[in-house]
Amino acid sequence: MGKVFVFDHPLIQHKLTYIRDKKTGTKEFRELVDEVGSLMAFEITRDLPLEEVEIDTPVQRATSKVLAGKKLGLVPILRAGIGMVDGMLKLIPAAKVGHIGLYRDPKTLQPVEYYVKLPSDIEERDFIVVDPMLATGGSAVAAIHSLKTRGATSIRFMCLIAAPEGVEALKEAHPDVDIYIAALDEKLNEKGYIVPGLGDAGDRLFGTM
């Protein structure tokens, strides 16, 4: 069963306050999301496997550690997920980046896939699916399903803010996926927005409000 991790790091919580604040403008909002992406990447990679290697320091021969195991892949859900990727790449620059585009059908309200571009070596990578918000869970569930149908076997999901309804929906659909979030909020309102939330992450990132 997948686990849910809520990051309580003081820097993440501090920056998240300003991300939520409606007075925060587009430039600052974008910079803060980028910074929190880096901080969350630091936390989410805490358990990556290591192996020992022999190196020569300027002083002597030494045994040290490097990353082992599968390579990493980052998959933002378009469009808002893009805002978190650059911050993550600052810490893990060797990760490959794929993209999954989804929109909500106005009649069925179900997510519809319109774009998928993924690394060719899917089976060899541990994937982190990224989206600032986990509201109803529909987009996250669909994106992870898309990855699995193309051969991905190791997937985590990372977001800034989640509603309990979205967490439960994702856990039910993909019980093998761990969920990493900066804040677990109160609920969804009647319009499907997270409360208290931060509004529409995509609009605030790209200034399209």
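Me: What makes up the lining of the largest cavity, by class?
Reply: In this predicted model, that lining has 5 nonpolar, 2 polar and 2 charged residues. The residues are Ile44, Thr45, Leu48, Leu72, Asp126, Phe127, Ile128, Ser154 and Arg156. Asp and Arg count as charged, so Asp126 and Arg156 fall in that class.

Me: Why is this space called a cavity?
Reply: A cavity is a set of points where a 1.4 Å probe fits but cannot get out, so the name says that this space is closed to that probe. The space in the largest cavity is about 40 Å³. A search of the whole structure with a lower limit of 30 Å³ finds 1 cavity. About 40 Å³ passes that limit, and the space is listed.

Me: Which strand gives the most to the lining of the largest cavity?
Reply: Strand 8 does, with 3 residues. Strand 8 (125-130) and strand 10 (154-162) each supply at least two residues of that lining.

Me: What about the open spaces: how much space lies in the largest pocket?
Reply: The largest pocket holds about 850 Å³. Its lining has 29 residues, and Arg104, Asp131, Ala135, Ser139 and Asp200 lie nearest its centre. By class, 16 of the lining residues are nonpolar, 8 polar and 5 charged. Among the elements that each supply at least two lining residues are strand 4 (71-78), strand 7 (111-117) and helix 4 (138-149).

Me: How do you know which residues UniProt places in the feature "binding site"?
Reply: They come from an unreviewed UniProt entry, which lists Arg79, Arg104, Asp131, Pro132, Met133, Leu134, Ala135, Thr136, Gly137, Gly138, Ser139 and Asp200. Of these, the lining of the largest pocket includes Arg79, Arg104, Asp131, Met133, Leu134, Ala135, Thr136, Gly137, Gly138, Ser139 and Asp200.

Me: Why is Arg104 called buried, exposed or partly exposed?
Reply: Its relative accessible area is 48%. Buried needs under 20% and exposed needs over 50%, so 48% falls in between and Arg104 is partly exposed. Arg104 lies in strand 6 (residues 99-104).

Me: And why does Met133 get its label, buried or exposed?
Reply: The value for Met133 is 17%. That is under the 20% cut-off, so Met133 is buried. Met133 belongs to strand 9 (residues 133-134). Beyond its neighbours within four places in sequence, Met133 is in contact with Phe157, Cys159, Ile161, Ile194, Leu198, Gly199 and Ala201.

Me: What makes a set of residues a nonpolar core?
Reply: The members must be buried residues of the listed nonpolar kinds, joined through side-chain atoms within 4.5 Å. The largest such core here has 36 residues, and Ile19, Met40, Met158, Leu160, Ile161 and Leu198 touch the most other members. Helix 2 gives the largest share, 7 residues. In soluble globular proteins, nonpolar side chains tend to be buried together.

Me: Which residues is Leu198 in contact with, leaving aside its neighbours within four places in sequence?
Reply: They are Ile19, Arg20, Phe29, Met133, Leu160, Ile161 and Arg204. A second, separate core has 24 residues, including Leu134, Phe157, Leu170 and Ile181.

Me: Which residues lie nearest the centre of the second largest pocket?
Reply: Leu67, Lys70, Lys71, Leu72 and Ala94 do, out of 13 lining residues. The volume of this pocket is about 220 Å³, and its lining divides into 9 nonpolar, 1 polar and 3 charged residues. Lys counts as charged, so Lys70 and Lys71 belong to that class.

Terms used. Residues are numbered from 1 along each chain as its sequence is written. This is a predicted model: local features need pLDDT of at least 70, side-chain atom pairs count only at pLDDT 80 or more; totals for chains, interfaces and linings use all residues. Side-chain values use heavy atoms; hydrogens and water are left out. On a 1 Å grid over the protein atoms alone, a cavity is a set of points where a 1.4 Å probe fits but cannot get out, and a pocket is an open set with protein on both sides within 12 Å along at least five of seven lines; lining residues have an atom within 4 Å of a point. Grid points are joined across faces, edges and corners, and a volume is the space filled by probe spheres set on the points. Helices (H or I, at least four residues) and strands (E, at least two) are DSSP runs, numbered from the N terminus. UniProt positions are given in the numbering used here, feature names are shortened, and annotations may be inferred rather than shown by experiment. Buried means under 20% relative accessible area, exposed over 50%, partly exposed in between (1.4 Å probe, protein chains only). Contact means heavy atoms within 4.5 Å.
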